[in-house]
Amino acid sequence: MNVISAEHLVLDLAVDDYTGLWEIVWGIEASDPNADMSTAVKLAKGAVEALLERGYIEVYEGSNFNGDEHRVSQSERRAVLATEAYWNPPLAADFAHVRVGATKAGEHAYETGTA
């Protein structure tokens, strides 16, 4: 899988629903059986960063999987995305998790095939 394919996968997932960072890694691994975990994480991080720069996705943090997600501020985004634990499945129900969701611009780019 290349970076562009990873970006498309992330946007596809983000348009559908809030998507956990670990779910992006799983999606890359499922799409490319030759990708090991470190390669999948690297591709996932690159795709998320690129889509954030274009304004196609936002980053959200929550803990209960019940709609409690709140948008991570731009000033906190880098530190949150650098936290390795967020790229792995949450270990407990009350463990904070990080997800991405598509913006209106991201939805439009996805629907028109310009992303």
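**Entry 1. The sheet**

Which residue in E4 does glycine 20 stand opposite? I looked this up in the predicted model and found arginine 99 in that position. Strand E1, residues 19–20, is joined to E4 by 2 bridges, and the two strands run antiparallel.

I then traced the whole sheet. It is open and has 4 strands, in the order E1-E4-E2-E3, with antiparallel pairing. I noted E1 and E3 as the edge strands, since each pairs on one side only.

**Entry 2. Strand E2 and its partners**

I turned next to E2, which covers residues 57–62. Its pairing with E4 (97–102) is antiparallel and extends over 6 bridges. I checked one position in that pairing: isoleucine 57 has alanine 102 of E4 as its bridge partner. E3, residues 70–71, is joined to E2 by 2 bridges, again antiparallel. There I found tyrosine 60 of E2 bridged to arginine 71 of E3.

Is E2 enclosed or exposed? I recorded 6 of its 6 residues as buried, so the strand is largely enclosed by the rest of the structure. In a regular strand, side chains alternate between the two faces of the sheet. I listed the directions for E2: Ile57, Val59 and Glu61 point one way, and Glu58, Tyr60 and Gly62 point the other way. I noted that both glutamates in this list are among the buried residues.

**Entry 3. The aromatic pair**

I searched the whole structure for aromatic pairs and obtained 1. The pair consists of tyrosine 18 and tyrosine 60 in an edge-to-face arrangement, with 4.9 Å from centre to centre and 70° between the planes. The two residues are 42 apart in sequence, and the pair links distant parts of the chain. Tyrosine 18 sits in the loop between helix H1 (3–16) and E1, whereas tyrosine 60 belongs to E2.

I also compared the accessibility of the two residues with the cut-off for burial, which is under 20% relative accessible area. Tyrosine 60 has a value of 15% and therefore counts as buried. Tyrosine 18, at 33%, is partly exposed.

**Entry 4. The nonpolar core**

Which members of the largest nonpolar core touch the most other members? Of its 29 residues, I noted Val10, Leu21, Ile24, Ile28, Val48, Ile57 and Val100. At least two core residues come from each of H1, H2 (21–31), H3 (37–54), E2, H4 (74–81) and E4. H3 gives the most, with 8 residues.

I followed the contacts of valine 10, leaving aside residues up to four places away in sequence. Valine 10 touches Ile24, Ala47, Val48, Leu51, Ile57 and Val100. I then looked at how H3 is placed: it lies across E2 and E4, running at about 115° to E2.

**Entry 5. Helix H4**

Which residues of H4 are buried? I found Arg77, Val80 and Leu81. Seen down the helix axis, the buried residues fall within an arc of 85°, so they line one face of H4. An α-helix has 3.6 residues a turn, so residues three or four places apart point the same way.

I looked up what covers these buried residues, and the cover includes H2, H3, E2 and E4. On the face of H4 turned away from the buried side, I recorded Ser75, Arg78 and Ala79 as exposed.

Key:
Residues numbered from 1 in each chain as written. Predicted model: local features only at pLDDT ≥ 70, side-chain atom pairs only at ≥ 80, totals over all residues. Heavy atoms only, no water. Phe/Tyr/Trp six-rings, centres within 6.5 Å; stacked < 30°, edge-to-face > 60°. Buried < 20%, exposed > 50% of the residue type's maximum accessible area, 1.4 Å probe, protein only. Core = buried A, V, L, I, M, F, W, Y, C linked by side-chain atoms within 4.5 Å. Contact = heavy atoms within 4.5 Å. Pairing = 2+ DSSP bridges. Axes fitted to C-alpha atoms, helices over the stretch in contact; angles between N-to-C directions. Arc of directions from axis to C-beta.
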